[in-house]
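Reader: I'd like a close look at the salt bridges here, please. Take it slowly, and then show me a few spots beyond them.

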Amino acid sequence: MTAIRMALNELRRVSSGKLPKLALIALALVPLLYASLYLYANKDPYSNLKHVPAALVVADKGTDKVHAGRDVADELVKGGKFDWRQVSEDDAEKGVRDGTYTFALTLPEDFSQALSSSGDFTPRQGVITLTTNDANNYLGSTIANQVVTEVRRSVSVKIGEEAADKLLLGFSTIREKTVEAADGATKLADAQQTALTGTQQLVDGATPLAAGAGTLANGLDQLRAQTKDLPLKSQQLANGAKQVSDGNATAATTAEDYAAKAQALVNGLDQVNGDIATKLRAAGMAEEDVQKVLTALTTAKAPVDDANGKVQGAAGQLRQLANGAKQVSDGAAQLAASTPALTDAIGKLDDGAGTLASGATQLRDGATKLRDGEQQLVDGTTKLRDGLNEGVGQIPNPDDPTRDATAKTIGDPVNVRGVSQTAAGTYGAGLAPFFLGLATWIGAFVLFLLLRPLSRRALAAGQTAVRVAVGGWLPGALLGIAQVIVMFSVVTLIVDIRPSNPVGTLAFLFLTSMTFVAILHALNALLGAVGKFVGLVLLILQLVSAGGTFPWQTIPEPLYPLHYGLPMGYAVDGLRHLMYGGELGGVGHDALVLVAYLVGALAVTTFAAYRQRVWTPSRLKPELVL
């Protein structure tokens, strides 16, 4: 009897009658019920969070400018992620306790004040109170923690944006003021350059001034030395001029007396001439003779007239000389009287010239120092101008859009850009590899609630152990393939979870099902009813170690050998790659591991068939029958 014939006989046995046929159909539908219904229920649970009731307590009193509590509450309600109910703090606590609300979120009365406290340099954190109750739902509490984290991030972003905006606005103000300072420094530098030019001119003028003042002081020293005897000499001159004036006055008076006498003589001679002419005419001298006598007298008087003229002239000159000498005497007297004041003035002028020379020297030295200091000031103001102008270019000057964008970046500095090499799409699709693999194990498990692991007839007939093992495995393998076909069709067409590689996924599911059927077949063939229990234990161990939900690395380290040693982890890994479009290199490794399990399970079944050719009392009367 061949293995195929034994398989056909077993199938005819279990399908004879109406109820057995229905049982086979039910067996084929078991994976469908487990996989498709579970995946349907968990396809996208996050989209239904809006039906989860959550209490929201807004006790925040706000401030004059900030109403953070109200803003956060409005954003939460507007977001619609949960069925938010705004209630009092007591109602929220009671509702979470009795299960009316899954969790409660409380914004305390000083929430806005705390967020604004940094502006007053009294910083403290705003506290959001999350009230949960794991008796309601553990996953609900986990999601609530994520919600609070999101709220905290949102508030941090908003407050950070406002703070950053003020900071950037401050930068703009600083830049404006720095520009003004740079302009002022430029003007100051220009003014200092002008001042430097002026001080250089001052130095240039003060140097010859100091030299001239020194020369003047030296000249006045000489003049003072030379004029120190001037008062005495001028007094002597005044005395001499007085004597000359007095002598000249006496001489002029004497000359005037002689001139009067000479003039009287001339006048007397003229009168004598008239008397002589009268007497001659009276004597009867002819007029002609009289005229001759007068002519002779006139001729004789000519030297006298001439001498009288000279005397009169000399007297006038002596009077003029006397008057001039008087004026000279008066001038000399005034000079003598003024000379002491002149010498005192010359002395004072000499002293002042010395002071002027000293001051001019100090002025020159001070002007030189002023010039040097002004040069340093010019250098400093130039550096200040250049530094401020350079600093202006380094100070940010964002416009309003740039400042807003920068504030948002500072407030929320990390932007996540998703780069997905493969994507499941939905939560249900993400769990599909795990539940499809789990469904094939459960499908294989229920098959042997109906199928006999080994054909008793074949064993009684003495068939080879290999034929008996393969003949017992083939019915389950064929039914497992039927389970996979029905399950895969419903999951892809109705539940709408579409694998990236549907043909490869289906083929891998066939291999997975045949491997799991072989493992459970071997357990049942070798251990009987105990094998069914071992199959359930293996199911539990694989549920926790296969990494179907969270990464398998998150399980405790003592469970790592289970992940490496049990087949479901390889089945889930291969299905993930095939369904999500990942690298196919690891699929070959997973398939080889499953084939190794398949061959190993058939080898165990062959050993069990070899042992069961000998009947024992435990086989004739088993202690446990399922």
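Author: Let's start with the term itself: a salt bridge is a side-chain nitrogen of Lys or Arg within 4 Å of a carboxyl oxygen of Asp or Glu. What you're looking at is a predicted model, in which local features need pLDDT of at least 70 and side-chain atom pairs count only at pLDDT 80 or more, while totals for chains, interfaces and linings use all residues. Residues are numbered from 1 along each chain as its sequence is written, and side-chain values use heavy atoms, leaving out hydrogens and water.

The structure holds 4 salt bridges. Let's zoom in on the one between D74 and R70, whose side chains come to 3.3 Å, N to O. Both residues sit in helix α3; helices (H or I, at least four residues) and strands (E, at least two) are DSSP runs, numbered from the N terminus. D74 and R70 are 4 residues apart, which is about one turn of the helix. Here's the background: an α-helix has 3.6 residues a turn, so residues three or four places apart point the same way.

How open are the two partners? For that you need three words: buried is under 20% relative accessible area, exposed is over 50%, and partly exposed is in between (1.4 Å probe, protein chains only). D74 is partly exposed because its relative accessible area is 39%. R70 is partly exposed too, at 34%.

Now follow a pair that joins far-apart stretches of sequence. K61 makes a salt bridge with E109, with 3.8 Å between the closest N and O atoms. This pair links distant parts of the chain, 48 residues apart: K61 is in the loop between β1 (53-58) and α3 (68-79), and E109 is in the loop between β3 (103-107) and α5 (111-116). K61 has 63% relative accessibility, so it counts as exposed. E109 has a relative accessible area of 46%, so it is only partly exposed.

Another one to find is the salt bridge between R498 and D496, where N and O are 3.2 Å apart. R498 counts as exposed because it has 55% relative accessibility, and D496 counts as partly exposed because it has 42%.

Let's move away from those pairs and look at some buried residues. Find helix α14, which covers residues 529-545, 17 residues in total. From its first C-alpha to its last it reaches 25 Å, close to the 24 Å expected at 1.5 Å a residue (the expected span is 1.5 Å times one less than the number of residues). The buried residues of α14 are A529, G531, K532, G535, L538, L539, Q542 and S545. Just after the helix, G547 takes a positive phi of about 75°.

Pick Q542 from that list. Q542 belongs to helix α14, and it counts as buried because its relative accessibility is 1%. What does Q542 touch, not counting residues up to four places away in sequence? Its contacts (heavy atoms within 4.5 Å) are W441, L566, P567 and M568.

You can do the same with S513, over in helix α13. S513 has a relative accessible area of 1%, so it is buried. Leave aside the neighbours within four places in sequence, and S513 is in contact with T440, G480, I481 and V484.

For a contrast, go to Q375, which sits in helix α8 (residues 287-394). Q375 is partly exposed because its relative accessible area is 34%. Its C-alpha atom is 9.7 Å from that of Q200, although Q375 and Q200 are 175 residues apart along the chain. V604 is one more to try: you'll find V604 in helix α17, and its relative accessible area of 33% is why it's partly exposed.

Finally, zoom all the way out. The protein chain has 18 helices and 4 strands. Of its 626 residues, 35% count as buried. Take the contacts in the chain with a separation of 6 or more, and residues 24 or more positions apart account for 81% of them. And if you want one thing to go back to, make it the D74 and R70 pair, both in helix α3.
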